[in-house]
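Please write a short report on how the strands, helices and charged side chains fit together in this structure.

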Amino acid sequence: MSLLQVSDLTFCYEGSFDNIFDEISFSVDTDWKLGFIGRNGKGKTTFLNLLLGKYDYKGSISTDKHFDYFPYQISEDEMDKTVDEMSELWKPGVEGWRVVCEMNSLGADPEILYRPIRTLSHGERTKAMLAVLFSGDNEFLLIDEPTNHLDRNGREIIKNYLIQKKGFILVSHDRDLLDAVADHMLVLNRESIEVVSGNFSSWWENKEKADAFAIAENERHMKEIGKLRIAADRAGRWADKNENTKIGFDPIKEHDRNISTRAYIGAKTKKMQSRVKNFEKRIDREIAEKEGLLKDIEKVDDLKLMPLKHHKKCLVEGADLSLAYGDYEVLKDVNFQLMQGDILFLNGDNGCGKSSLIKAILRDVNSKENVQGTDSQNSSGEAEEESLETMNVSGRLETASGLIISYVNQNTSHLKGGLKEYAKKNDLDYSLFLTLLRKLDMNRIQFEKNMEDYSEGQKKKVLLAASLLTQAHLYIWDEPLNYIDVFSRMQIERLIETFKPTMIVVEHDVRFREKLSTKTLEL
């Protein structure tokens, strides 16, 4: 058995006031399939980089295994090379026949290895990189969100492949993937780190029970502290009042008192004061027992949404709808109706036309000059605007007149500059915007940074917060949960369940779709 041992690890980025990790210690078996979760910005990718030796830190990290990391980095100049050419750079000494064997295990054509990387889809690149990753010996592998941007079929392939493997850390927010693959969980809590046996669901079930117990214990201690303080205050006031009667008395009214009763009163007061000190000690003991009970409680604040009511019941309708770019047809003879209150999930493989259908709906609404809201609606870039112009639509696509849409694009590359400028540009109430980001668990320190320095999960939260602050008849979200942490996903689920907005959603998170969809359009 080989162990990865972390002792008293402390790390913070240069110029930062807060430690990302503060004297954390734990050990894991390097044969485990270790699921790794935590809030966005909590330090998951940072920890993987520390294992790779990219940053200086205090404490120690020890193991006899080598580390390798997914995804491999590819520069623009390297995009025209093949995976076969790059594999020696990624994993020195790798044997090509082993990579081919791994490609076969992934159900992928080894021919992918000999095509320019630029020509490969997200799914093909992921499979090729994983094939190289698992072609080594004596390694503990660090896998960072392998299913982002993959369709349902691609996710199933990666899931089934990883089930057969062992000896890795898997950073993922996909609950279905974590449940299928992980046999242990490494969890970055709010104030601590823990390693537990089992998958995500077993950890979450135990966490909910532990949190409920901690909250109940905290309430019990608070009640006991309250009772003790009342008793201590009452005893203290009685002792003070009694002490004041030691000197001086009225011989008419208090004819049974004399100078000798002072000793009796003093003894009684001393006894009462001793009782007050005992109350104070018990209060201190209760406070000490209460200390830390709530430190790791996941306080998920309820979010609010203000969807608009439209006068029409049917907001979008497609009849024998086909979409094409030149001679290339991406959709053919699609029929659907989006009624008010529907949550329609667009489902299908990458390239089947989900985003094209969204673009066609946006173009139709734009032509009626009814789109309003945030930059997230219209900031998909010049390439997307050009694709809108070259898209040919046949059949019938109708959108309700006066329809207001709030759109979250899957692309975050346009987010630059500060939050204040972003809010001003998109006519958002800045205070409400920051409040909503705090509810999505974004740290106040991030508010001072430029958005290009955010993690991908934090960028997604900016787009989602902007959309939630926009009153609209229809919310169109294209892959909104990529990089979003598990807790925020459940928070957004609860929001949609509560306010029931009309939505069109592209999202490959199986749990999210199963819980919320009222309709599914298979493409």
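## A three-stranded sheet

In this predicted model, strand β10 (residues 314–325) runs antiparallel to β11, and the two pair over eight bridges. Gly318 sits opposite Phe336 of β11. In general, the strands of a sheet pair through backbone hydrogen bonds.

Add β13, and the sheet has three strands in the order β11-β10-β13. The sheet is open, and the pairing is antiparallel. β11 (328–339) and β13 (391–399) are the edge strands. Each has a single partner strand, so one side of each has no neighbour in the sheet. From one strand to the next, the twist averages 5°. Helix α9 (residues 354–367) packs on this sheet and touches β10, β11 and β13. The direction of α9 makes about 65° with that of β13.

## A six-stranded sheet

Another open sheet has six strands, in the order β5-β6-β7-β3-β8-β9. Its pairing is mixed. At the edges are β5 (66–70) and β9 (193–197), and each pairs on one side only. Here the twist averages 20° from one strand to the next.

Look at β6 and β7 in this sheet. They pair in the parallel sense, over four bridges. Leu142 stands opposite Ile169 in β7.

## Helix α5 and its buried side

Helix α5 (residues 152–163) has twelve residues. From first C-alpha to last, α5 reaches 17 Å. That is close to the 16 Å expected at 1.5 Å a residue.

Which residues of α5 are buried? They are Gly154, Arg155, Ile158, Lys159, Tyr161 and Leu162. These residues cover an arc of only 165° around the axis, so they lie on the same side of α5. Several elements help to cover them, including the strands β3 (33–38), β6 (139–144) and β7 (168–171). The helices α3 (96–105), α4 (122–133) and α6 (175–181) are also part of the cover.

## Salt bridges

The count of salt bridges comes to 26. One of them joins the side chains of Glu111 and Arg115, at 3.7 Å from N to O. Glu111 is partly exposed, because its relative accessibility is 39% and that class lies between 20% and 50%.

Some residues form a network. Arg175, Arg489, Glu493, Asp509 and Lys515 are linked by salt bridges in this way.

## Two salt bridges at helix α14

The side chains of Glu456 and Lys459 meet in a salt bridge of 3.6 Å, N to O. Why are the two about one helical turn apart? Glu456 and Lys459 are three residues apart in helix α14 (residues 456–468), which means a separation of about one turn. Their surroundings can be compared by accessibility. Glu456 has 30% and counts as partly exposed. Lys459 has 10% and counts as buried.

Asp485 and Lys461 also form a salt bridge, at 2.9 Å from N to O. This pair links distant parts of the chain, 24 residues apart. Lys461 is in helix α14, while Asp485 is in the loop between β15 (474–478) and α15 (486–499). Are these partners buried or exposed? Asp485 is buried, at 0% relative accessibility. Lys461 is buried as well, with a relative accessible area of 2%.

Methods
Residues are numbered from 1 along each chain as its sequence is written. This is a predicted model: local features need pLDDT of at least 70, side-chain atom pairs count only at pLDDT 80 or more; totals for chains, interfaces and linings use all residues. Side-chain values use heavy atoms; hydrogens and water are left out. Two strands pair if DSSP finds at least two bridges between them. Axes are lines fitted to C-alpha atoms, for helices over the stretch in contact, and angles run from 0 to 180 degrees between N-to-C directions. Contact means heavy atoms within 4.5 Å. A salt bridge is a side-chain nitrogen of Lys or Arg within 4 Å of a carboxyl oxygen of Asp or Glu. Buried means under 20% relative accessible area, exposed over 50%, partly exposed in between (1.4 Å probe, protein chains only). The expected span of a helix is 1.5 Å times one less than its number of residues. The arc is that of the directions from the helix axis to the C-beta atoms.
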